Amino acid sequence: MECVPPCSDRPGFGEETPGVPLSSGPPTPLRAQTFSSFSPSKSYSRQSSSSDTELSLTPKTGMGSGGSAGKEAGPLKVFLRQQTQSALEQRGVSSSSEAFVRTGEYPFFTLTAFPPGFLLHVGGVVSARSVKLLDRIHNPDEPETRDAWWEEIRQEIKSHAKALGCHAVVGYSESTSICEEVCILSASGTAAILSSRFMQDGPLDVEHRFEEVVSPGCGFCHIPYDELNIPFPAQLTYCYCCRRYKVPDVLFTTIDLPTEANVTGKGCLIQARLCRTKKKAQGEGNATAISNLLPFLEYELHTQLMNKLKLRGMNALFGLRIQISVGETMLLGLASATGVYLTALPSPGGIQITGKTPSDITYEQHISNMQKKINDTITKNKELYEINPPEVVEEIIGSPIPEPRQRSRLFRSHSESSDEVSELDLSHGKKDAFVLEIDDTDAVEDIHALLTDFSIPAGFYSCNTEIMPGIQNWTSAIQMFTSVRVFRLNTNLTNQGLNKIFSDLCENLLKSLYFKLRSMVPCCLCHLNFTVAIPEDELIQVAVTAVAMSFDKEQTLENGKQSGEKTLIKAITDEQLQFSLELNAETSSPNPLSSPKGLSDVGSHPSARASSVDYSSFADRCSSWIEQLKLKAHTIRRGSVKTTSSMEKASPLPEGRSRSLRSNRSYSGSSVAVVKMTPLSFIPGAKIIKYLGIINMFFIRETTSLREEGGVSGFLHTFIAEVFAMVRAHVAALGGNAVVSYSMKECVFMENPNKNQAQCLINVSGDAVIFVRESELELTSVQPQSATTQTSNGGEGT
Amino acid sequence: MSTELDVFVGNTTVLDEDVYQLWLDGHTVSDAVRIRMEAGALQECEANAEILHSDTMDQFRTFQMCERLLQSPSKVANQLLFQIPPHHQTMLIERYYEFDSVFAREVLGKKLSKGTKKDLDDISSKTGIALKCCRRQFDNFKHVFKVVEELKGPLVENIQRHFLLSDVLARDYAAIVFFANSRFETGKRKLQYLSFQDFAFCAGQLISYWTVGAVDNMMEDLNVDLEKEFLHDLKDLKVLVNDKDMLDQHKSLVCAQLRGKIKVFSEMEASFKNLSRALVNIASKLTHTKDFRDLFIDLVEKFVEPCRSDKWTIGDLRLFLKHYSSSVRMLEAFRHQVIWDRYMGVIQSCILKMYHD
């Protein structure tokens with residue numbers, strides 16, 4: 001498990017974060033926002049020695065020059081201060097995680113999936129952003145400044161988690177977006193309470209693993225915070241599963257759906273897209289302008305997510321990833337998540353539209369038409385995603401905070417309009433309606449976005465998480481793909497126009513994917529990972545990597561959930577990841593460590609040694625086995641001629657490997673082995689028998705004959721195809737037959753058509769593995785290892 | 001707003017057979033999109049014109065990138081760039097090498113050179129096949145010819161081995177190579193009624209029975225040259241028409257067999273000597289390159305046309321040729337039975353194939 005180490009050199013959380021005191025009203029209204037913070041280009045100042053660059057204490061002037069910002073900040077400020085207060089109060093409250101608080105340990109987990117029982121409670125999404133000026137770093141080569149920036153952000157994340165009564169952050173990720181000298185640092189994760197048994201040292205006691213979990217299907221939904229000191233306005237009900245604990249009305253998380261979670265129906269990908277124009281500016285002014293825009297951007301993204309979630313009749317988001325990209329003249333926000341209906345949570349209310357001028361009859365008509373459309377869509381979606389929760393009598397527990405109805409669970413700023421919303425009479429109907437007021441332009445956009453989202457074609461499902469709840473029985477047909485689009489925008493677009501273009505871009509890209517993969521239906525696009533960038537002014541780049549997996553519809557109906565659960569748990573726990581990794585280190589390290597023969601073997605693949613296979617990550621583990629290895633290496637030298645074949649002896653399932661490779665070969669009828677690729681951690685219907693190491697490769701490609709290579713599309717198409725081919729070849733050379741957890745981490749594309757030139761940088765990574773089909777595995781275990789297998793291994797291993 | 005760049009790359013190369021065909025047919029992207037829309041592609045998956053265009057562009061680009069590999073098909077299975085399932089590989093190769101018989105008919109017998117390539121414009125407008133498509137087919141012919149020209153062994157097998165084509169397609173290519181090598185005259189007006197399949201059949205017969213490879217398949221070089229010795233021996237058949245007794249005897253034997261069996265008996269009786277002379281003369285002149293190239297025109301002018309003007313049915317012709325060929329055995333003075341059978345076997349089936357309107 002990968003943990004971002006808690007910063008030990010910093011004072012514990014209880015102490016105030018250095019810099020601007022949180023409660024110091026006027027100077028930094030934005031900074032003070034409780035759960036999502038924006039620090040306008042201030043923090044570097046602590047490293048700075050020159051006084052004229054002391055930005056941190058003078059954001060007010062920065063905002064003043066920004067124009068309208070001051071006006072908007074007024075009511076927001078008040079609101080934010082309230083939230084701050086509650087957060088500060090919260091700090092004093094002791095919770096079940098007191099031990100963690102005392103020791104100052106706030107583990108960050110970048111993992112998104114956990115063994116059953118690990119997550120006790122999930123609080124919600126916590127995030128922090130900060131705008132920095134890169135040109136103010138005095139010694140850019142040294143990491144100190146940057147470390148300090150991130151440290152500050154992590155501190156903030158910790159405090160957010162703490163405010164939610166949680167002691168850990170799971171599904172944590174950090175990202176940056178840079179344009180010229182301005183940099184936005186973002187971090188987000190999911191506040192959670194983890195099972196203390198898992199956090200202790202020593203071997204895990206499998207017997208006791210599940211003890212703590214009262215009800216595995218709904219436990220994680222139960223609120224971790226004290227309901228009397230609720231840190232934000234929320235509506236709580238008793239859990240719809242166990243009826244014993246309280247649950248929120250909506251839950252947003254950045255993690256994958258826990259395998260044990262009770263889900264009604266199927267899930268779907270939900271995206272919120274937003275584009276905002278920004279004046280061209282330089283340095284400090286630019287940073288301030290961006291800082292001022294960010295809260296509104298996030299607020300609107302969040303509102304869109306909520307609307308779309310409700311429109312689909314769902315109540316929870318998993319795998320939430322909000323990407324903010326900064327360009328010279330615009331800011332781009334893309335939030336992707338997988339919506340599901342958690343059985344434990346209450347059924348979401350509908351969406352109700354109101355107008356500001358009820359006297360106008362045609363206007364009323366217009367509104368009621370829209371209302372009808374929305375209601376129809378909700379009904380249709382419930383059918384589509386098979387959301388038929390059992391009817392339960394509702395008991396709403398009053399929230400201690402006077403405003404009972406709120407838009408969000410994600411702790412975003414509530415602009416002025418939210419006050420008006422709460423004044424409306426919403427008491428009619430069974431559920432509290434989610435109100436959209438269509439008089440302001442934002443709401444018009446919202447509704448527009450709601451109704452323009454096309455419905456997914458029949459036979460398709462999509463999600464950005466590893467797997468789709470409600471779908472099991474995957475067939476072995478998988479298709480991993482990468483799609484990249486770059487759009488050129490016209491100049492002088494309004495916010496609305498820009499928004500529409502961006503939204504259409506994403507929609508069309510999705511539609512295109514469905515069309516291309518139509519031969520695979522029924523299928524699910526899993527792990528849909530969108531990456532947006534603004535490579536140049538007036539250019540928007542969207543890159544998607546995902547895997548399409550076919551499933552067997554008939555079987556789904558017959559076998560239902562049980563068989564699926566079995567497979568899933570198998571995929572995650574049964575693999576014994578740690579154990580396999582150890583084996584891997586063991587078998588791959590004899591070469592460089594002890595056997596001269598092995599050295600020359602590796603040397604024949606210089607690329608394997610140079611950069612791509614990261615053996616160093618195993619270094620720690622290796623050291624503890626060195627003795628063991630030496631023994632082994634000794635045996636190897638004495639007992640075998642071929643290093644590779646003796647390596648095989650150390651492997652637990654050598655026959656399996658050779659079998660799978662041979663069967664691949666005979667299938668393709670050529671010397672090129674088939675290598676599967678997937679962004680997921682598993683391959684359906686197969687068992688991963690060996691992990692061969694990390695593949696992490698950087699490629700840079702340049703052309704000075706762009707037209708001759710088929711233009712930018714031809715250039716990039718060839719390049720991506722070659723990247724795939726190189727990854728496959730590399731895996732095959734390591735003796736593997738698949739790449740799991742594949743991701744394209746970077747795709748930077750630049751062009752200069754006038755010069756007939758283009759450049760592209762791509763960074764991909766993944767884990768090289770050997771898998772065997774589950775059907776084959778049964779055969780293998782019966783068959784004894786023969787001499788012929790050994791020989792073929794020797795040939796293939798090199 | 002405009003799309004600057006739009007690509008889709010799958011780990012397993014995504015191929016649409018219908019789009020492939022459109023690409024092979026030499027359509028432009030916008031043409032292909034129109035055709036797909038007319039074929040109802042928009043009904044699938046709630047597509048729109050934009051999606052269809054993007055998909056078509058992607059596919060065309062993929063095919064273009066694959067084209068280099070398809071030119072030496074054995075590489076398709078061994079390359080690393082595209083992960084293509086075997087059944088798709090076979091489909092790609094087979095379709096790439098498929099050709100329009102109308103086009104092949106035009107090129108048949110012509111030298112596969114740059115000169116002919118210049119005529120492709122005319123062929124394209126004549127046949128209605130897109131120029132791009134004509135170029136591909138012509139280049140394929142040329143390419144196959146060049147590769148097998150240097151190889152020993154049976155032609156059809158060589159083509160199959162090197163281009164991984166189906167048996168049927170390999171045979172068609174063998175015919176094209178054979179015609180290009182032998183440079184038979186096929187362009188004359190009188191031969192226009194013959195289709196590519198007619199010629200391909202005749203080529204198959206000639207390859208199987210008259211070529212060097214038919215006798216000894218371990219020969220060096222392209223073994224589709226006709227066996228020189230055999231052609232030389234054919235001169236001996238002249239005795240059949242030069243020796244008056246033998247000719248009369250042959251005629252009476254055939255007439256005895258056919259009496260009452262064919263409708264055109266009297267016409268046959270009248271023209272027997274001319275027909276026989278024609279066939280034997282063709283045989284005896286095959287050593288001369290010029291006459292050899294005129295084989296098909298000679299057969300049509302001297303045999304097929306006279307029969308056709310006398311309104312022979314195909315059945316009459318079959319019976320006549322059967323007995324004409326077999327009666328020779330009963331001529332005691334004739335000593336070239338083996339040569340005769342080898343000659344007539346091929347001529348007989350060729351004439352029957354060519355005897356139609």
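This passage walks through the fold of chain A, one of its sheets, the nonpolar cores and the domains of chain B. The model is a predicted one, and chain A is a good place to begin. Its secondary structure consists of 21 helices and 23 strands. Of the 798 residues in chain A, 57% are buried. Among contacts in chain A with a separation of 6 or more, 80% join residues 24 or more positions apart. The accessible surface of this chain comes to about 32,500 Å², and carbon and sulfur atoms hold 53% of it.

One sheet of chain A can be followed strand by strand. Its four strands are arranged in the order E9-E11-E12-E10, forming an open sheet with mixed pairing. At the edges are strand E9 (251-252) and strand E10 (263-277) of chain A, each of which pairs on one side only. Starting from E9(A), the pairing with strand E11 (residues 316-326) of chain A is parallel and rests on two bridges. Here Leu251(A) has Ala316(A) in E11(A) as its bridge partner.

The next step across the sheet leads from E11(A) to E12(A), which pair in the antiparallel sense over nine bridges. A hairpin of three residues links these strands, E11(A) and E12(A). On the other side, E10(A) and E12(A) also run antiparallel, joined by twelve bridges. A helpful residue to find in the structure is Gly333(A) in E12(A): Ile324(A) stands opposite Gly333(A), and Gly333(A) is also the bridge partner of Leu274(A).

How enclosed is E12(A)? All 13 of its 13 residues are buried, so the strand is largely enclosed by the rest of the structure. In a regular strand, side chains alternate between the two faces of the sheet. Both faces of E12(A) are covered, with buried residues including Met330(A), Leu332(A) and Leu334(A) on one side and Leu331(A), Gly333(A) and Ala335(A) on the other. Two helices also lie across this part of the chain. Helix H6 (residues 283-311) of chain A crosses E9, E10, E11 and strand E12 (330-342) of chain A, and runs at about 150° to E10(A). Helix H10 (residues 495-516) of chain A lies across E10 and E12 of chain A, at about 140° to E10(A).

Nonpolar side chains tend to be buried together in soluble globular proteins. In this model the largest nonpolar core has 246 residues, and the members that touch the most others are Ile159(B), Trp210(B), Met268(B), Phe296(B), Phe320(B) and Tyr343(B). Helix H19 (residues 711-733) of chain A gives the most to this core, with eleven residues. A second, separate core has 26 residues, among them Phe109(A), Ala192(A), Ala261(A) and Val263(A). Leaving aside residues up to four places away in sequence, Tyr343(B) touches several residues, including Trp210(B), Phe230(B), Leu234(B) and Ile282(B).

Ile700(A) offers a contrasting view, in strand E21 (residues 686-703) of chain A. Its relative accessible area is 66%, which is why Ile700(A) counts as exposed. Beyond residues up to four places away in sequence, Ile700(A) touches Phe719(A), Cys760(A) and Leu761(A). The C-alpha atoms of Ile700(A) and Met750(A) are 11 Å apart, while 50 residues separate them along the chain.

Chain B, finally, is divided into domain 1 (17-83), domain 2 (101-210) and domain 3 (228-354). The centres of domain 1 and domain 3 of chain B, taken over C-alpha atoms, are separated by 53 Å.

Conventions. Residues are numbered from 1 along each chain as its sequence is written. Chains are lettered from A and ligands numbered from 1 in the order in which they are written. This is a predicted model: local features need pLDDT of at least 70, side-chain atom pairs count only at pLDDT 80 or more; totals for chains, interfaces and linings use all residues. Side-chain values use heavy atoms; hydrogens and water are left out. Buried means under 20% relative accessible area, exposed over 50%, partly exposed in between (1.4 Å probe, protein chains only). Contact means heavy atoms within 4.5 Å. Accessible areas come from the Shrake-Rupley method with a 1.4 Å probe; for residues, only the protein chains shown count as cover. Two strands pair if DSSP finds at least two bridges between them. Axes are lines fitted to C-alpha atoms, for helices over the stretch in contact, and angles run from 0 to 180 degrees between N-to-C directions. A nonpolar core is a set of buried Ala, Val, Leu, Ile, Met, Phe, Trp, Tyr and Cys residues joined through side-chain atoms within 4.5 Å. Domain bounds come from an automatic or database domain assignment.
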